[in-house]
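Biologist: I have a structure on my screen and some questions about its charged side chains. Can we go through them one by one?

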Amino acid sequence: MAKKLNIKDKYRLLTRDLDWDFSYEDRKEAFPFEEFEGIKITDWSKWEDPFRLTMDSYWKYQAEKEKKLYAIFDAFSQNNGHLNVSDPRYVNAIKIFLTGVSPLEYQAYQGFAHVGRQFGGVGARVACQMQSLDELRHVQTQIHAMSHYNKFFDGFQDYSHMHDRVWYLSVPKSFFNDARAAGPFEFMIAIGFSFEYVLTNLLFVPFMSGAAHNGDMATVTFGFSAQSDEARHMTLGLEVIKFLLEQHEDNVPIVQKWIDKWFWRGSRLLTIVAMMMDYMLPNKVMSWKEAWEVYFEEAGGALFKDLARYGIKMPKYAETIEKEKEHISHQAWWTFYTHGHAAGFHTWIPTDEELDWLSEKYPETFDKYYRPRWELAKKMEAEGKRFYTKALPQLCTTCQIPMLFTEMDDPTQICYRDTVYNGDRYHFCSDGCKDIFEDEPEKYVQSWLPVHQIFQGNCGGPDVENVLADFYRMNLGADNMDMTDSPDEKRWKQWKGVA
Ligand code: FE
Ligand code: ZN
């Protein structure tokens, strides 16, 4: 009599049962990447499958979500959903999302497919393959969610071309390239644990609640559809770290080094989210500082307390990062404002109400360091002297962010570090980025630094205009410069019947 199998047995038969013993081939040759990072796996059977999902039910479940999602995209399009956003300035946040974040979903798809091949344990392989498929779905659904905006706003037209070239997009691109060029276990600590488990709430919650607060139903719906995937990804991230720490005590210092590295890299990457939350959302969700306190200091703090029993400590630069929450959003938006001619989205000076909101949210720092700059910019703009920085900034060799961050104990001094390797001098935005370089210099001397490439003549021509128009394929005068008087703003006023 065929008995109906419970989900756990069914899962085992459809996944782990697909594994086989190597009778005439060397197992080590089949999984050549498993040992070079120094990680010791003594027993793959100890792996707890985090998803408990068969491929069969995976497809059915995802197809169901897909149907609903695309029905809503259709309705959004039919009803001219773009007219319901709070303010056209909002759309610039999703230009950053499409050009900077969606291509990372594609890199995640490639990265998880790769590690899904490289692990000796079948449970880990299956989980990574499923996440790989999720990520491919994410990039597709994001492109579809935002394609409606492409019909009505500038800056969406060539996101993947831009992702591979534009100066500030090399920051997210190089972050993921670094993870994918690492070994399989480092990739999992970088992306599965540090990013998906701990930092993802600081990327997705702000963007998705930002979308909800600002009437962007397409992005909200995508967010909901991705949420059940994210829950699985977080479970995988947590399983990976516990598994590695329980397998062998020699794994602990290796994992700690990766945690130190990837939390630093992650917090640098999230600067763009900080700026989006504090400056780009017309209807605010919460300040970056508040988000950091809730999602990192409270939630992450509890997690690291839990990991302490394995000998894992808080990420090395946690104290610096804690100070940075007061500053990074202001320093980043100011940099984009002063380089607004070279950005693929629009910039603006915060309104008076927004300046007051920032003063209230950052009582220690905003009035003292940042408000005076905006008051000056406002005065200059009123006098017709809108200021653009024409010089190209020096970039950090590790995170590739321009030298825009200050010393956290003296926010009037740019933070600058350097080191010499093989007779060449390399420059960094912080101790964290310098440490990462010095640990693996042969990796980071290969960094494709946009400003260096421009100066070497590899980016289209001698003038900034050549670089922007020919190499980046930006539509100058439409994609870049201020929101005020942009074609985006003019169209919006026309649609809304505002003179
Ligand atoms: Fe994703
Ligand atoms: Zn850096």
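Biologist: Are E135 and H138 buried or exposed?

Modeller: This is a predicted model, so the answer rests on computed accessible area. Buried means under 20% relative accessible area. By that cut-off E135 and H138 are both buried.

Biologist: Which helix holds E135 and H138?

Modeller: The two residues are three apart, about one turn of the helix. That helix spans residues 122-150. It is helix α5.

Biologist: Which protein residues are donors of the iron ion (ligand 1)?

Modeller: The donors lie 2.0 to 2.2 Å from the iron ion. Their spacing in sequence is E-x29-E-x2-H. Two glutamates give OE atoms and the histidine gives ND1. The donors are E105, E135 and H138.

Biologist: Which residue meets R232 in a salt bridge at 2.7 Å, N to O?

Modeller: R232 sits in helix α9 (residues 217-247), and its partner sits in helix α5, 98 residues apart. R232 is buried at 9% relative accessible area. The partner is buried too, at 0%. It is D134.

Biologist: Which residues join R232 and D134 in one salt-bridge network?

Modeller: The network arises from salt bridges that share partners. Side chains of opposite charge can pair when their charged atoms come close. Besides R232 and D134, the network holds K65, E66, R137 and D229.

Biologist: How far apart are the closest N and O atoms of E326 and K289?

Modeller: E326 is in the loop between α13 (318-324) and α14 (328-338), and K289 is in helix α12 (residues 288-307). In sequence they are 37 residues apart. Both are buried. Their salt bridge has its closest N and O atoms 3.1 Å apart.

Biologist: Is D409, the salt-bridge partner of K323, buried or exposed?

Modeller: The closest N and O atoms of this pair are 3.2 Å apart. K323 lies in helix α13 and D409 in the loop between α16 (366-382) and β1 (417-421), so the pair ties together parts 86 residues apart in sequence. K323 is partly exposed, at 40% relative accessible area. Exposed means over 50%, and D409 has 65%, so D409 is exposed.

Biologist: How many salt bridges are there by this rule?

Modeller: The rule asks for a side-chain nitrogen of Lys or Arg within 4 Å of a carboxyl oxygen of Asp or Glu. R232 with D134 is one such pair, at 2.7 Å. The count comes to 45.

Technical notes. Residues numbered from 1 in each chain as written. Chains lettered and ligands numbered in written order. Predicted model: local features only at pLDDT ≥ 70, side-chain atom pairs only at ≥ 80, totals over all residues. Heavy atoms only, no water. Donors = N, O, S within 2.8 Å, 3.2 Å for Na, K, Ca; no water. Helix = DSSP H or I, 4+ residues; strand = E, 2+ residues; numbered from the N terminus. Buried < 20%, exposed > 50% of the residue type's maximum accessible area, 1.4 Å probe, protein only.
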